Each structure stands twice: as structure tokens, then as C-alpha cells.
Amino acid sequence: MSKSASRARLAEIIRKRSFGRGEITLASGRKSDFYFNLKPTMLDPEGAALLAELTYEALKDDGLDYVGGLEMGAVPLAGAIAQLSWIKGHPIAAFFVRKKPKEHGARLAVEGLAKGESLNGKRVVIVEDVTTTGGSALKAAEAVRDAGGKIALVFTMVDRDEGAAETFAEAGIPFRSLYKAGEFLKDR
């Protein structure tokens, strides 16, 4: 399937499985009359494959070592991208950042690294399912920086266009998205 056909098909899946109308309170605390819950798309076989494919294609030339982000939204994305990167012969390892480190065990903020592995000096992309103001991705970026990683960029599946670009510009972090929310608001 061509990139444009993959992108159109994924948009159909997102519309069907993950986009809705109705008043909702977002993670940022803001109110909205539309929402995206990308989990049903990320966990759908075709949706997961298309998200991984389009994201991998968008990121493959960025010289990345790791892909990850804040739990829960980044976990299925990072895993699917890591798997596809291996199949494509250009492995990008995955990790995730806990919202709150466990109070038992290793008490790690960054999970998924084997003993002896580190983000220190590694180029990392923070992925996110839906971005509003960028706060969640900034939390993940802070944990990665604390672990010595270098943030190459933040990449989101859907940018709600409600301040994230400005947030990341202020933080000096490049930001890109697969889709803008406006693409799903047309004809609705």
C-alpha cells in the first residue's frame, strides 16, 4: 500500500474506532467537545500496523536509538515501532516512562532497559498517541534527560493543535505529528 493510501486507511480507522464528539475533560484539564481515544486504534491489528509503519517511515532517517514515552499511550506505539524497526533492519529499541515509579522492585522511572543498558548519550524520540498542550510528553522528556538521554524530537499520532507546538518550541524540542485534529473535524 502506498504511503498516502496507508495514511488514508489509518485515518478511517481512527475516525471509526478512536474519534468522538461530546464534552470531555482532557488530560490537560481543558474541556473539549471532541476527543480522541487512540487505544482502540493502537490495539487493533491493522491500526497498530499502520501506526507503526507510518511512524517508522517518518522517523527512520532521524538516527534514533530509542523510542518511548509516558505510559500508557506510548507503550503500544513504542512496542509496535520497535518490532517493525527490527523487521526493516534498522532496530530502534523501545522503553516507557512510568507516571510514578513503583514503590517496590527496582523503583525505576524508565522501564524496558536490560541490566547494563542505559539511555545515556542515546538519541531518543518521545512518542505520544494524542497531544494537547504537551505536558505529558515533557514529563517523559524530563525522565529521559535525567537518565542521560538526548531528546531528538517528540512525535505524536494526533496533535490537537492546542499549544503543544509552542510548548515544545519553548523547550527547544523539535515536534512533529502524523495528523492534526482538524483533519478529523472536517465534514463533522
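# A walk through the fold

Let's start with a pair of facing residues: Phe 19 stands opposite Phe 36 in β2. Keep in mind as you look around that this is a predicted model. The two strands concerned, β1 and β2, pair in the antiparallel sense, with five bridges between them. Together β1 and β2 make a hairpin that has five residues between the strands, and in this hairpin Gly 29 takes a positive phi near 95°. If pairing is new to you, here's the basic idea: strands of a sheet pair through backbone hydrogen bonds, either parallel or antiparallel.

Now for a helix. How well does α1 agree with the span it should have at 1.5 Å a residue? With 15 residues, α1 should span 21 Å, and its end C-alpha atoms are indeed 21 Å apart. Its buried residues are Ser 6, Leu 10, Ala 11, Ile 13 and Ile 14. Look down the axis of α1 and you'll find these buried residues within an arc of 160°, so they line one face of the helix. The spacing behind such a face is easy to remember: an α-helix has 3.6 residues a turn, so residues three or four places apart point the same way. On the other side of α1, Ser 4 and Lys 16 are exposed. And what lies over the buried residues of α1? The cover includes β1, β2, α2 (39-42), α3 (45-59), β8 and α7 (182-185).

Let's zoom in on one residue of that helix. Ser 6 sits in α1, which covers residues 3-17. Is Ser 6 buried or exposed? Its relative accessibility is 0%, so Ser 6 counts as buried; the cut-off for that label is under 20%. Setting aside the neighbours within four places in sequence, Ser 6 is in contact with Met 1, Leu 50, Glu 53 and Leu 54.

Next comes the sheet. Six strands form an open sheet with mixed pairing, and their order is β5-β4-β3-β6-β7-β8. At the edges stand β5 and β8 (175-180), each with a single partner strand, so one side of each is left without a neighbour in the sheet. The strands β7 and β8 run parallel and are joined by five bridges. If you want to find this pairing on screen, look for Val 154, which stands opposite Phe 175 in β8.

Time for a second helix, α5. It takes in residues 135-146, 12 residues in total, and reaches 17 Å from its first C-alpha to its last, close to the 16 Å expected at 1.5 Å a residue. Which residues of α5 are buried? They are Ala 137, Ala 140, Ala 141, Ala 143 and Val 144. Seen down the axis of α5, the buried residues fall within an arc of 160°, so here too they line one face of the helix. Over on the other side of α5, Lys 139, Glu 142 and Asp 146 are exposed. Several elements cover the buried residues of α5, including β3 (66-70), β4 (93-97), β6 (123-131) and α6 (164-171). After α5 comes Gly 148, whose phi is positive, near 95°.

There's some empty space to explore as well. The largest pocket holds about 560 Å³ of space. It is lined by 28 residues, and the closest to its centre are Ala 27, Lys 39, Asp 129, Val 130 and Ser 136. You've met the elements that give two or more residues to this lining: β1 (19-25), β2 (31-36), β6 and α5.

Finally, a few stops in the loops. His 90 is found in the loop between α4 (74-87) and β4. With a relative accessible area of 31%, His 90 is partly exposed. Apart from neighbours within four places in sequence, His 90 is in contact with Tyr 56, Lys 60 and Ser 85. How far is His 90 from Lys 139, 49 residues apart along the chain? Their C-alpha atoms are separated by 27 Å.

In the loop between β3 and α4 you'll find Met 72. The peptide bond from Glu 71 to Met 72 is cis, with omega near 5°. One last loop, between β7 and α6, holds Asp 161. Asp 161 is not a glycine, although it has a positive phi of about 60°. At 51% relative accessibility, Asp 161 counts as exposed, since that label applies over 50%.

Key. Residues are numbered from 1 along each chain as its sequence is written. This is a predicted model: local features need pLDDT of at least 70, side-chain atom pairs count only at pLDDT 80 or more; totals for chains, interfaces and linings use all residues. Side-chain values use heavy atoms; hydrogens and water are left out. Helices (H or I, at least four residues) and strands (E, at least two) are DSSP runs, numbered from the N terminus. The expected span of a helix is 1.5 Å times one less than its number of residues. Buried means under 20% relative accessible area, exposed over 50%, partly exposed in between (1.4 Å probe, protein chains only). The arc is that of the directions from the helix axis to the C-beta atoms. Contact means heavy atoms within 4.5 Å. Two strands pair if DSSP finds at least two bridges between them. On a 1 Å grid over the protein atoms alone, a cavity is a set of points where a 1.4 Å probe fits but cannot get out, and a pocket is an open set with protein on both sides within 12 Å along at least five of seven lines; lining residues have an atom within 4 Å of a point. Grid points are joined across faces, edges and corners, and a volume is the space filled by probe spheres set on the points.
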